[in-house]
Amino acid sequence: SDIVAINHGIELLGRAVARDPKCLLAYCELAKAHDFLVLDTDSPAHLTKAQKALEAATQLAPDSSETHLARALHLYWGRRNYDGAHAELAVARRSLPNDYRIPQLNGYIDRRQGRWGEAVQEFRHALALDPKHTALLDNLEVTYTHLRRYDEASPILARALAVDTNPLCFRTHLAGSEVGSRPDPARLARRPPDVGP
């Protein structure tokens with residue numbers, strides 16, 4: 001499961017910073033891993049560990065774009081401080097203008113705030129930077145579907161199916177999009193024939 005994998009990653013990152021206490025990226029990834037578990041479990045212990053890893057990264061390189069990205073995720077996942085996360089991403093974007101992670105995270109936050117149009121623009125920008133990123137394709141398609149913009153969701157699904165080696169979730173989304181874009185209450189109300197007891 002994801003949680004088992006994240007916990008294994010935390011263990012490995014802990015070894016990395018024990019071996020090299022100046023490894024900035026390891027502290028940033030450690031903070032992100034703990035914050036992911038906060039998002040999933042609301043664990044105060046993981047929130048504290050994420051904060052400590054972030055403080056270590058800040059001590060090493062307070063102006064690093066990776067530090068700002070880790071802080072943005074901490075504010076978003078760990079603290080639910082969406083405006084603060086947006087501000088950190090704006091700083092990170094100055095030195096990483098072509099990094100898809102920045103508009104991706106902005107899109108997540110915009111959507112959480114109910115700013116659906118802004119989320120679409122951010123996900124489209126992220127996909128322009130990384131056109132075959134399946135998580136981005138998925139999030140843009142889901143956003144279009146929630147907005148009932150099915151004609152725009154369909155080509156995104158087609159792109160996702162072209163690059164995803166395990167497309168079950170996208171095929172399920174495609175079926176949902178077909179039902180949503182061309183609802184037929186009479187057809188949906190009809191019962192299938194009985195096939196057994």
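## Cysteines, cores and aromatic pairs in a predicted model

The sulfur of Cys23 has its closest cysteine sulfur in Cys28, at 9.1 Å, which is too far for a bond. Keep in mind as you look around that this is a predicted model. Seen from the other partner, the result is just as clear: for Cys28 the closest cysteine sulfur is that of Cys23, again 9.1 Å away and too far for a bond, because a disulfide needs the two sulfur atoms within 2.5 Å. The count of disulfides accordingly comes to zero. The two cysteines also sit in unlike surroundings: Cys23 counts as partly exposed, with 25% relative accessibility, while Cys28 is buried at 0%.

Let us turn to the interior. In soluble globular proteins, nonpolar side chains tend to be buried together. Here the largest nonpolar core holds 27 residues, and Tyr76, Leu89, Leu105, Ile109 and Leu140 have the most contacts inside it. At least two residues of this core come from each of H4 (65–78), H5 (82–95), H6 (101–112), H7 (116–129), H8 (134–146) and H9 (150–163). Helix H4 gives the largest share, six residues. Leu105 shows how such contacts run: beyond its neighbours within four places in sequence, Leu105 touches Ala72, Leu73, Tyr76 and Leu89. Another core lies apart from this one; it has 17 residues, including Tyr27, Leu30, Ala53 and Ala61.

Helix H7 is a good place to look at how one helix faces the interior. Its 14 residues should span 20 Å at 1.5 Å a residue, and the end C-alpha atoms are indeed 20 Å apart, so expectation and model agree. Which residues of H7 are buried? They are Ala119, Val120, Glu122, Phe123, Ala126 and Leu127. These residues lie on the same side of H7, because they cover an arc of only 170 degrees around the axis. An α-helix has 3.6 residues a turn, so residues three or four places apart point the same way. Gln121 and Ala128, on the other side of H7, are exposed. The buried residues of H7 pack against H5, H6, H8 and H9.

Aromatic rings add some further links between helices. The model has three aromatic pairs, and two of them are set out here.

| Pair | Centre to centre | Angle between planes | Geometry |
|---|---|---|---|
| Phe36 and Trp77 | 5.6 Å | 75 degrees | edge-to-face |
| Tyr108 and Phe123 | 5.7 Å | 65 degrees | edge-to-face |

With Phe36 in helix H2 (residues 24–41) and Trp77 in helix H4, the Phe36 and Trp77 pair ties together parts that are 41 residues apart in sequence. Phe36 counts as partly exposed, at 25% relative accessibility, whereas Trp77 is buried, with a relative accessible area of 16%. The Tyr108 and Phe123 pair links distant parts of the chain as well, joining helix H6 to helix H7 across 15 residues. Phe123, one of the buried residues of H7, has a relative accessible area of 0%.

Finally, a look at a histidine. His86 is found in helix H5 and counts as buried at 19% relative accessibility, because the cut-off for buried is under 20%. Which residues does His86 contact, leaving aside its neighbours within four places in sequence? The answer is Asn106, Ile109, Asp110 and Gln113, and Ile109 also appears among the residues with the most contacts inside the largest nonpolar core. His86 and Leu75, 11 residues apart in sequence, have their C-alpha atoms 9.1 Å apart in space.

Definitions and conventions
Residues numbered from 1 in each chain as written. Predicted model: local features only at pLDDT ≥ 70, side-chain atom pairs only at ≥ 80, totals over all residues. Heavy atoms only, no water. Core = buried A, V, L, I, M, F, W, Y, C linked by side-chain atoms within 4.5 Å. Buried < 20%, exposed > 50% of the residue type's maximum accessible area, 1.4 Å probe, protein only. Helix = DSSP H or I, 4+ residues; strand = E, 2+ residues; numbered from the N terminus. Contact = heavy atoms within 4.5 Å. Expected span 1.5 Å × (residues − 1). Arc of directions from axis to C-beta. Phe/Tyr/Trp six-rings, centres within 6.5 Å; stacked < 30°, edge-to-face > 60°.
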